[in-house]
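Here are a few exercises to work through with the viewer open. Try each task yourself before reading on to the solution.

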Amino acid sequence: IFPKYKSVLFVNGCFWHYHQKCRDGKIPKSRKAYWKSKLMGNVERDKKNIKKLKKLGWRVMVLWECEIKNKPKRATSSVVRFLKK
């Protein structure tokens, strides 16, 4: 949380927040029904919380684990740009 900028930065794990654009954002092959329900619940909760924050006037950015791992400089630049807005 960056109160000075009324901004929130979420750093999401690709598996736990079901990042479908990433190889780690996949439902495991075992116990598929359990994991699908769990991961989709996380996605829905994230959407709900982001919507609430925006309604309260907060700016929200989501940074994915894979972005940090694969392109750390770009991820850092994105955060800086977000906070400067």
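**Exercise 1. Strand pairing**

In which sense do strand 1 and strand 2 pair, and over how many bridges? Then follow the chain between them and give the hand of the crossover.

*Solution.* Keep in mind that this is a predicted model.

Step 1: look at the pairing. Strand 1 and strand 2 run parallel, with 6 bridges between them.

Step 2: trace the path. After strand 1 the chain goes through helix 1 and then arrives at strand 2, which makes a right-handed β-α-β crossover.

Step 3: pick one position in the pairing. Leu 9 sits in strand 1, and opposite Leu 9 stands Met 61 of strand 2.

**Exercise 2. More on Leu 9**

Decide whether Leu 9 is buried, partly exposed or exposed, and work out how far Leu 9 is from Phe 82 in sequence and in space.

*Solution.* Step 1: take the accessibility. Leu 9 has 23% relative accessibility. The partly exposed class runs between 20% and 50%, so Leu 9 belongs there.

Step 2: go from C-alpha to C-alpha. Leu 9 and Phe 82 are 9.3 Å apart that way, while 73 residues separate them in sequence.

**Exercise 3. The largest pocket**

Find the largest pocket and say which elements supply at least two residues each to its lining.

*Solution.* Step 1: get the volume. The largest pocket holds about 240 Å³ of space.

Step 2: get the lining. There are 14 lining residues, and those closest to the centre of the pocket are Asn 12, His 17, Val 43, Asp 46 and Trp 64.

Step 3: assign the elements. At least two lining residues each come from strand 1 (7-12), helix 1 (32-55) and strand 2 (59-64). Helix 1 gives the largest share, with 6 residues.

Step 4: sort the lining by chemistry. You should end up with 7 nonpolar, 5 polar and 2 charged residues.

**Exercise 4. Aromatic rings**

How many aromatic pairs does a search of the whole structure find? Classify the two that involve Trp 35 with Phe 15 and with Tyr 34.

*Solution.* Step 1: count. The search turns up 4 aromatic pairs.

Step 2: take Phe 15 and Trp 35. Their centres are 5.3 Å apart and their planes 65 degrees apart, an edge-to-face pair. Phe 15 is in the loop between strand 1 and helix 1, while Trp 35 belongs to helix 1, so this pair ties together parts 20 residues apart in sequence.

Step 3: take Tyr 34 and Trp 35. This pair is also edge-to-face, with 5.0 Å between the centres and 80 degrees between the planes.

Step 4: add accessibility. Trp 35 is buried at 17% relative accessibility, whereas Tyr 34 is partly exposed at 39%.

Step 5: join up the rings. Phe 15, Trp 16, Tyr 34 and Trp 35 make one aromatic cluster.

**Exercise 5. Positive phi in a loop**

Look at Tyr 18 and Arg 31, both in the loop between strand 1 and helix 1. What is phi at Tyr 18 and at Arg 31, and is each one buried or exposed?

*Solution.* Step 1: read the backbone. Tyr 18 is not a glycine, yet its phi is positive, about 55 degrees. Arg 31, not a glycine either, has a positive phi of about 55 degrees too.

Step 2: read the accessibility. Tyr 18 comes out at 16% relative accessibility and counts as buried. Arg 31 has a relative accessible area of 56% and is exposed.

Technical notes. Residues are numbered from 1 along each chain as its sequence is written. This is a predicted model: local features need pLDDT of at least 70, side-chain atom pairs count only at pLDDT 80 or more; totals for chains, interfaces and linings use all residues. Side-chain values use heavy atoms; hydrogens and water are left out. On a 1 Å grid over the protein atoms alone, a cavity is a set of points where a 1.4 Å probe fits but cannot get out, and a pocket is an open set with protein on both sides within 12 Å along at least five of seven lines; lining residues have an atom within 4 Å of a point. Grid points are joined across faces, edges and corners, and a volume is the space filled by probe spheres set on the points. Helices (H or I, at least four residues) and strands (E, at least two) are DSSP runs, numbered from the N terminus. Ala, Val, Leu, Ile, Met, Phe, Trp, Tyr, Cys and Pro count as nonpolar, Asp, Glu, Lys and Arg as charged, and the others, Gly among them, as polar. Two strands pair if DSSP finds at least two bridges between them. A crossover is right-handed if, with the strands pointing away from the viewer, the path from the first strand over the helix to the second runs clockwise. Rings of Phe, Tyr and Trp (its six-membered ring) pair if their centres lie within 6.5 Å; planes under 30 degrees apart count as stacked, over 60 as edge-to-face and the rest as tilted. Buried means under 20% relative accessible area, exposed over 50%, partly exposed in between (1.4 Å probe, protein chains only).
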